[in-house]
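Please open the model in your viewer and keep the sequence at hand, since each stop on this tour begins with a selection.

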Amino acid sequence: MTIDSKVIILEDVGFDIYGNNLDALEHVIELKKFIQDKYPQIAELKGFDNSFNEFPYDFLGNVQAVSDLADKHLGILVVAM
């Protein structure tokens, strides 16, 4: 599967960025699962798991870490808007 855009807006591709029924840890876990399922080429990048392990409660921090990694290796930004 190829990624068709240079910017992935999580809400536009089906991810619930608000996570109203989730606590912080669950929201981060759901983000990781979502990226692994929908964008495996990002999930396969070396370092993908690092931020999730280091900051398991920081949703926006993990979005930024994933975006930095994807931008560095694939030229793709991931944003929560």
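The tour below passes through a predicted model, beginning with the nonpolar core and then turning to the aromatic rings and a serine.

Begin by selecting Leu10, Leu31, Ile42, Phe48 and Val78, which are the residues that touch the most other members within the largest nonpolar core, a set of 21 residues. Colouring by helix is useful here, as H1 (24-38), H2 (40-43), H3 (48-54) and H4 (59-74) each supply at least two residues of this core, and H4 gives the most, with five residues.

Next come the aromatic pairs, of which the structure holds three. Select Phe15 and Phe59, whose ring centres are 6.0 Å apart and whose planes stand at 10 degrees, so the pair is stacked. Phe15 lies in the loop between strand E1 (7-9) and H1, whereas Phe59 belongs to helix H4, so the pair ties together parts that are 44 residues apart in sequence. Both Phe15 and Phe59 are buried, and adding Phe34 to the selection completes one aromatic cluster of Phe15, Phe34 and Phe59.

Move now to Phe48 and Phe52, a tilted aromatic pair with 5.1 Å centre to centre and 50 degrees between the planes. Both residues lie in helix H3, four residues apart, which is about one turn of the helix. Phe48 is buried, with a relative accessible area of 4%, and Phe52 is likewise buried, at 6%.

Finally, stay on helix H3 and select Ser51, which is buried with a relative accessible area of 13%. Which residues is Ser51 in contact with, leaving aside its neighbours within four places in sequence? Showing the surrounding atoms brings up Gly61, Asn62 and Ala65 as those contacts of Ser51.

Methods: Residues numbered from 1 in each chain as written. Predicted model: local features only at pLDDT ≥ 70, side-chain atom pairs only at ≥ 80, totals over all residues. Heavy atoms only, no water. Core = buried A, V, L, I, M, F, W, Y, C linked by side-chain atoms within 4.5 Å. Buried < 20%, exposed > 50% of the residue type's maximum accessible area, 1.4 Å probe, protein only. Contact = heavy atoms within 4.5 Å. Phe/Tyr/Trp six-rings, centres within 6.5 Å; stacked < 30°, edge-to-face > 60°.
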